[in-house]
Amino acid sequence: MSAALEVGLVVAERAFSLSRDSLVRYAGASGDFNSIHYRDDVAAGVGLPGVLAHGMLTMGVAVQPVVSWLEGDDAPGAAGWVTDYQVRFTRPVVVDPERGAEITVTAKIGQLDTEARTARVDLTVTFEGATVLGKAQVRVAWS
């Protein structure tokens with residue numbers, strides 16, 4: 001285990017760009033073809049501010065910095081893995097047809113049990129400066 005690992009330590013930060021193409025690819029992979037994810041007229045018709053990224057896409061993107069950290073040289077140990085991951089969806093991510101959307105993720109150690117070789121990593125996930133995932137927590141373990 002890394003001697004520097006402690007509660008409050010930021011272990012990863014990253015920004016992700018989503019485009020309408022990202023939404024189409026995710027729809028094909030997930031089977032979620034709800035038209036609010038690709039048609040402006042449908043999104044507007046149901047009172048949305050625009051075409052929305054799939055919540056599960058946002059959730060999946062947000063955990064990637066933790067996965068990369070677990071695979072990197074700064075990880076707590078060899079063969080680290082995610083044991084649990086939960087979020088609450090608090091705000092939609094509107095994907096502009098021209099500019100797309102940028103999501104930023106900060107991953108910080110929220111709880112650490114060095115004896116059990118586990119940690120809770122708290123994620124701060126924002127879009128346009130506002131949090132889009134609440135209580136986003138990743139539980140990790142390592143050998």
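Student: In which element is Gln86 placed?

Tutor: Gln86 lies in strand S2, residues 81-89; helices (H or I, at least four residues) and strands (E, at least two) are DSSP runs, numbered from the N terminus. The model is predicted, so local features need pLDDT of at least 70 and side-chain atom pairs count only at pLDDT 80 or more, whereas totals for chains, interfaces and linings use all residues. Residues are numbered from 1 along each chain as its sequence is written, and side-chain values use heavy atoms, with hydrogens and water left out.

Student: Is Gln86 buried, exposed or partly exposed?

Tutor: Buried means under 20% relative accessible area, exposed over 50%, and partly exposed in between (1.4 Å probe, protein chains only). Gln86 counts as partly exposed because its relative accessibility is 48%.

Student: Which residues are in contact with Gln86, leaving aside its neighbours within four places in sequence?

Tutor: Contact means heavy atoms within 4.5 Å. By that criterion, Gln86 is in contact with Lys135, Ala136 and Gln137. The side chain of Gln86 also makes a polar contact with the side chain of Asp84, at 3.0 Å. A polar contact is a pair of N or O atoms within 3.5 Å; within protein, one must be able to donate a hydrogen and the other to accept it, and residues adjacent in sequence count only if both atoms are side-chain atoms.

Student: How should the buried residues of helix H1 be read?

Tutor: An α-helix has 3.6 residues a turn, so residues three or four places apart point the same way. In H1 (residues 20-30), the buried residues are Arg20, Ser22, Leu23 and Ala27. Seen down the axis of H1, they fall within an arc of 150°, so they line one face of the helix; the arc is that of the directions from the helix axis to the C-beta atoms. On the other side of H1, Asp21, Arg25 and Ala29 are exposed.

Student: What covers the buried residues of H1?

Tutor: The cover includes strand S1 (10-18), helix H2 (40-45) and helix H3 (55-71). In the loop between H2 and H3 is His54, which is buried, with a relative accessible area of 1%. Beyond neighbours within four places in sequence, His54 is in contact with Leu23, Tyr26, Ala27, Asp32 and His37.

Student: Which residues have the most contacts inside the largest nonpolar core?

Tutor: A nonpolar core is a set of buried Ala, Val, Leu, Ile, Met, Phe, Trp, Tyr and Cys residues joined through side-chain atoms within 4.5 Å. The largest has 36 residues, and Val66, Trp69, Tyr85, Val121, Leu123 and Val140 have the most contacts inside it. H3 gives the largest share of this core, eight residues.
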